[in-house]
Amino acid sequence: MTAAVDDQVAITNTARPVPSRSVRLYALDALRLACALAVVGYHLGTSWRLDGVHPPGYFLPGAAPVLIYGFLGVEVFFLISGFVISMSGWSRTVREFAASRAARLYPAFWAGVLITAVVVTVLPVTDGVPVSGVPSLGEVAINLTMLAEPFRVPLVDTVYWTLWIELRFYLIIACLIGAGLMTGPGMRVLGTGWLIAVVLAPALPSTLMETVVMPGFAPYFIAGMTMFLLRRDRRDWWSWVLLAGCWLVSLHHVELRVLDLRPGFAVPVWPATVLITLAYAVLLAVALGVTDRLAWRRLGVAGALTYPFYLLHQRIGYSLMRTVHDHTGWPAWLLLTGTVIVLLAASWLVYRLVERPLAPRMRRRLLGRGRAPGTPRQP
């Protein structure tokens with residue numbers, strides 16, 4: 001998840017003048033919201049059993065075969081992350097980059113962990129779900145560090161697995177910045193070597209390879225980075241070739257992901273390949289400036305909600321839908337719609353009451369009080 005990608009700075013094609021102030025890419029906010037809704041549709045519509053017994057197709061026979069492809073929202077989140085995190089790291093120091101990422105990720109995450117722990121304690125769901133159990137105080141505490149997975153501690157909500165992948169990508173970018181290689185040539189060399197490692201990974205299986213290379217999802221990060229370079233210079237032939245390679249490898253990995261799904265009904269591969277290709281095309285259009293004139297500010301708020309929405313949706317959604325279903329017997333489509341509305345409202349509260357006040361303060365603390373990102377250090 002997704003991960004949070006909110007630092008949108010203006011990087012334009014080198015053939016065009018650089019604007020004097022940053023420009024928010026509102027099309028990315030729309031794409032992020034679409035991805036979040038897709039993931040929620042997948043989790044709440046197809047990845048569990050509403051009554052603990054019947055498979056997803058029983059309650060949503062028409063919608064489940066469509067909602068199943070919502071798992072691709074995670075892949076597209078990584079694609080967007082590769083693009084925007086490259087923007088975030090460009091022309092920043094390691095400290096500025098780390099402060100920006102920490103301030104963006106942690107406040108909403110802390111709220112998400114605590115709220116989810118409370119809800120699953122009060123409204124536990126045990127049957128027909130991919131994740132159950134009430135987390136202990138110790139498990140909650142370790143989850144708050146965002147390092148529960150490498151410490152082999154159960155996740156309060158299994159959707160947090162994407163954050164560990166994001167953190168490793170951030171570390172790669174931080175290393176590039178620290179080595180002075182956050183440049184066009186440096187990023188192209190990294191992307192090429194990384195993609196080669198992804199292709200070779202099945203022949204060289206190891207825990208180290210899996211941890212560092214992240215072969216299942218690396219092509220999306222690399223593709224996003226490459227699109228960032230193409231935004232700076234669309235005449236860069238190396239980046240075009242690298243992007244094509246990422247797309248081909250992604251198609252193979254998407255096929256494997258679809259074949260691994262077992263929802264109780266047939267899941268054709270071709271819609272997934274079409275959807276991931278469409279995602280590549282949309283983000284490429286954004287990168288090349290096709291959507292730069294889009295300036296619907298409400299999309300900025302929608303984009304801001306996607307991170308807390310992602311953090312809150314799965315286990316809280318299971319608890320809410322199961323509880324209301326047991327007491328009312330309402331149809332699944334109504335429960336799903338109502339739950340999404342409630343979760344969006346909760347996400348707005350987290351954004352308004354937690355993220356907005358805490359993130360700037362945290363960033364200032366990490367950078368040194370009173371110094372904004374990008375300003376020179378005092379001697």
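Helix α11 (residues 237-259) supplies three residues, the largest share of the nonpolar patch; helices here are DSSP runs of H or I with at least four residues, numbered from the N terminus. The model is predicted, so local features need pLDDT of at least 70 and side-chain atom pairs pLDDT 80 or more, while totals for chains, interfaces and linings use all residues. Residues are numbered from 1 along each chain as its sequence is written, and side-chain values use heavy atoms, without hydrogens or water.

The patch covers about 450 Å² of surface and is made by Val189, Trp237, Trp238 and Val241. Its members each have over 30% relative accessible area and no salt bridge, with nonpolar side chains joined within 5 Å; a salt bridge would put a side-chain nitrogen of Lys or Arg within 4 Å of a carboxyl oxygen of Asp or Glu. Areas come from the Shrake-Rupley method with a 1.4 Å probe. Trp237, in helix α11, counts as exposed because its relative accessibility is 63% (exposed is over 50%, buried under 20%, partly exposed in between).

In the interior, the largest nonpolar core holds 118 residues, among which Phe83, Tyr160, Trp194, Met227 and Tyr280 touch the most other members. Such a core joins buried Ala, Val, Leu, Ile, Met, Phe, Trp, Tyr and Cys residues through side-chain atoms within 4.5 Å. Leaving aside residues up to four places away in sequence, Phe83 touches residues including Leu25, Met227, Arg231 and Leu283, by heavy atoms within 4.5 Å.

The whole structure has zero disulfides (cysteine sulfur pairs within 2.5 Å). For Cys35, the nearest cysteine sulfur, that of Cys246, is 17 Å away. Cys35 counts as buried because its relative accessibility is 5%, and Cys246 because its value is 0%.

Methods
Patches are made of residues with over 30% relative accessible area and no salt bridge: like charges are joined within 9 Å, nonpolar side chains (Val, Leu, Ile, Met, Phe, Trp, Tyr) within 5 Å. Helices (H or I, at least four residues) and strands (E, at least two) are DSSP runs, numbered from the N terminus. Buried means under 20% relative accessible area, exposed over 50%, partly exposed in between (1.4 Å probe, protein chains only).
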